[in-house]
Amino acid sequence: MLGYGQNIVSARRFTPLAVGQWTANTADVVGTGRFGCPVGSPNIRILGIHVLVDTVPVDADGVMTLSVKAYDASEAAEDAIVTALDGETVFVAANVWYEATLVAETSEEERTLNPGDSLYVELTNDSAAIDTNANVYALVEWIFVPRDQEDEDETAYVGYASQMATDF
């Protein structure tokens, strides 16, 4: 678990998710893998979402998008972490990790998972047929947030600025 004074590079964790494939002419197909914050654990701060495809996706008559959503158990609602990433534009090479752009955090679009919350990937396609489909994999980059730390921003850790400036 992350302790005070521990640098953010050694504190961060990566959890892989096997998402699945796009399905032609479907909206909001939830991938098979989920990531979550178990009850009884400290809060989890999402630092990044990385995505890989095993084949470059192609759909001549439609759009293949990927979104990442966090289910907020206390509100019984979803918060968007990544919205409508265009698979055909972003994934120009197979078997390469791409970092998705996280949405700007607001009180409704939160990147902190509390105990009971979960995160998942949605795939959407708006055409009758997909020319070249891909298996999609995601990697969630995260850290534990100490229970007694009021500020859940990753920059609050001791030495954050100097650690991030150091070449590793």
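These legends describe close-up views of a predicted model.

**View 1. Four strands form an open sheet.** The strand order is 2-8-4-5. Pairing is antiparallel. The edges are strand 2, residues 26-36, and strand 5, residues 77-86. Each edge strand pairs on one side only. From one strand to the next, the twist averages 25 degrees.

**View 2. Strand 8 pairs with strand 2 in the antiparallel sense.** Strand 8 covers residues 118-125. Six bridges link strand 2 and strand 8. T26 has N125 of strand 8 as its bridge partner. F35 is bridged to L119, also a residue of strand 8.

**View 3. Strand 8 also pairs with strand 4.** These two strands run antiparallel and are joined by eight bridges. One bridge pairs T65 with T124 of strand 8. How much of strand 8 is buried? Seven of its eight residues are, so strand 8 is largely enclosed by the rest of the structure.

**View 4. S118 sits in strand 8.** S118 has a relative accessible area of 14%. That value is under 20%, so S118 counts as buried. The side chains of S118 and R34 make a polar contact at 3.2 Å. Leaving out residues up to four places away in sequence, S118 touches R34, F35, G36, K69, A70, Y71 and L113.

**View 5. T83 lies in strand 5.** Is T83 buried or partly exposed? Its relative accessibility is 46%, so T83 counts as partly exposed. Beyond residues up to four places away in sequence, T83 touches L66, S67 and V103. T83 and V103 are 20 residues apart along the chain. Their C-alpha atoms are separated by 7.2 Å.

**View 6. The largest nonpolar core holds 31 residues.** Which members touch the most other members? They are F35, I46, I49 and L119. Several elements give two or more residues to this core: strand 1 (13-20), strand 3 (43-53), strand 4 (64-72), strand 5, strand 8 and strand 9 (136-145). Strand 3 gives the most, with five residues. Two of the core residues named above, F35 and L119, are bridge partners.

**View 7. I46 is one of the core residues that touch the most other members.** Which residues does I46 contact, leaving aside its neighbours within four places in sequence? The contacts are F35, L102, R111, L113, L119, V140, E141 and W142. Among them, F35 and L119 also belong to the core.

**View 8. Strand 3 is largely enclosed by the rest of the structure.** Why is strand 3 described as largely enclosed? Eleven of its eleven residues are buried, so the rest of the structure largely encloses it. Strand 3 runs antiparallel to strand 9, and ten bridges join the two. Within this pairing, I49 has V140 of strand 9 as its bridge partner.

**View 9. Strand 3 has antiparallel pairings with strand 7 and strand 6.** Strand 7 covers residues 112-113 and pairs with strand 3 over two bridges. I44 is bridged to L113 of strand 7. Strand 6 covers residues 98-99 and is joined to strand 3 by two bridges. There, V51 has Y98 of strand 6 as its bridge partner.

Conventions: Residues numbered from 1 in each chain as written. Predicted model: local features only at pLDDT ≥ 70, side-chain atom pairs only at ≥ 80, totals over all residues. Heavy atoms only, no water. Pairing = 2+ DSSP bridges. Axes fitted to C-alpha atoms, helices over the stretch in contact; angles between N-to-C directions. Buried < 20%, exposed > 50% of the residue type's maximum accessible area, 1.4 Å probe, protein only. Contact = heavy atoms within 4.5 Å. Core = buried A, V, L, I, M, F, W, Y, C linked by side-chain atoms within 4.5 Å. Polar contact = N/O pair within 3.5 Å; in protein donor to acceptor, adjacent residues only side chain to side chain.
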